[in-house]
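User: Could you take a close look at one part of this protein for me? I'd like to hear about the aromatic side chains and how they sit together.

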Amino acid sequence: MREARRARLDMGFGLEGPLPDLLEAVEGPGGVQVVVLDLGDDVAGAYLQRGGLALLFVNGDNAAVRQRFTLAHEFGHCRLGHASVIDRPSDVFGAQHDPAEVAANYFAAEFLMPGPAVRRWARGRRLTLDEVVRLAAGYGVSAKAARIRLETSEALRDRDLLARLDAEIDDEGLHLGIAGWFGWPDLRDTLAAASPPRLPAALRETALGAVLAGDLTVAQAAARSGRTADELRRALADLGLDRLVPMG
């Protein structure tokens with residue numbers, strides 16, 4: 001997707017390989033704020049925009065590879081100019097029908113794993129499951145995401161091989177443990193090291209940050225900020241946060 005490639009180039013990362021640190025990239029040159037919370041089973045992440053404030057939420061209870069794809073997906077919503085949205089796991093990892101979710105997933109795949117780099121990596125390789133896991137480890141994504149990216153980047157077009165890889169990953173779980181067996185380390189970046197609640201620096205000393213972190217109730221935060229609890233609840237609801245944090 002052109003917008004994902006443009007984002008990487010605008011942010012100074014080029015199209016040659018993995019991002020050095022996804023969270024630092026989107027909070028730095030990406031210009032957004034990232035919040036990592038335990039969001040329960042029904043929410044994978046969210047993109048909330050109000051005025052000049054863009055907040056990306058990631059469910060910190062998920063595996064790091066899922067958190068990375070979710071963060072890239074939510075950043076895609078932002079870069080593509082979509083409306084604020086709270087994404088269920090099926091919106092990010094399932095079969096999408098909403099055009100905005102489809103576009104955000106295409107963005108995430110290209111942003112994390114640029115097609116030209118994937119095609120160069122695959123050229124001349126015998127693309128067994130071991131190699132798919134090697135690719136996944138290098139980019140900090142799941143084996144399933146790497147297998148899909150090989151297909152969508154047109155690095156792998158053999159339908160029989162794609163079906164066999166799907167069976168080995170989805171049905172048999174043969175990818176589990178391969179990276180450890182070969183000594184391919186998990187990608188250790190800021191997102192993998194973050195423990196929820198994780199707040200961006202701009203929110204850590206604010207009433208909003210304290211509510212997001214669960215350190216203050218809405219009523220307590222309102223008292224500190226000179227507002228009534230109802231005023232603060234309305235402000236949080238206006239941002240869409242009433243669906244993500246307790247409003248008591």
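Analyst: Here is a walk through the aromatic rings, followed by a couple of other side chains. Keep in mind that this is a predicted model.

Let's start with F75. You'll find F75 in helix α3, which covers residues 64–79. Is F75 buried or exposed? Its relative accessibility is 0%, so F75 counts as buried. What does F75 touch, once you set aside neighbours within four places in sequence? The list is M11, V26, G30, V32, L56, F107 and F111. One of those, G30, is 45 residues away along the chain, yet the C-alpha atoms of F75 and G30 are separated by 8.4 Å.

Two names on that contact list, F107 and F111, bring us to the rings. A pair of aromatic rings is described by the distance of the centres and the angle of the planes. The count here comes to 4 aromatic pairs. Take F75 with F111: the ring centres are 5.4 Å apart and the planes make an angle of 50 degrees, so this pair is tilted. The cut-offs explain the label, because under 30 degrees would count as stacked and over 60 as edge-to-face. This pair also ties together distant parts of the chain, with F75 in helix α3 and F111 in helix α5 (residues 99–112), 36 residues apart. Both partners, F75 and F111, are buried.

Now swap F75 for F107. F107 and F111 make a stacked aromatic pair, at 5.4 Å centre to centre and with 20 degrees between the planes. They sit 4 residues apart in helix α5, which means about one helical turn separates them. F107 and F111 are both buried as well. Put the ring pairs together and F75, F107 and F111 are linked into a cluster.

There's another ring worth a glance, this time with a charge over it. R66 lies over the face of F93, 3.8 Å from the ring centre.

Last stop, a charged side chain. E131 is placed in helix α7, residues 129–139. How much of E131 is accessible? The relative accessible area of E131 is 13%, so E131 is buried, the cut-off being under 20%. Not counting residues up to four places away in sequence, E131 touches W121, R125 and R126. With one of these, R125, the side chain of E131 makes a polar contact of 2.6 Å.

If you want a place to begin in the viewer, try the cluster of F75, F107 and F111, then move over to E131 and R125, whose side chains are joined by that polar contact.

Note on methods
Residues numbered from 1 in each chain as written. Predicted model: local features only at pLDDT ≥ 70, side-chain atom pairs only at ≥ 80, totals over all residues. Heavy atoms only, no water. Helix = DSSP H or I, 4+ residues; strand = E, 2+ residues; numbered from the N terminus. Buried < 20%, exposed > 50% of the residue type's maximum accessible area, 1.4 Å probe, protein only. Polar contact = N/O pair within 3.5 Å; in protein donor to acceptor, adjacent residues only side chain to side chain. Contact = heavy atoms within 4.5 Å. Phe/Tyr/Trp six-rings, centres within 6.5 Å; stacked < 30°, edge-to-face > 60°. Lys NZ or Arg CZ within 6 Å of the ring centre and 35° of its normal.
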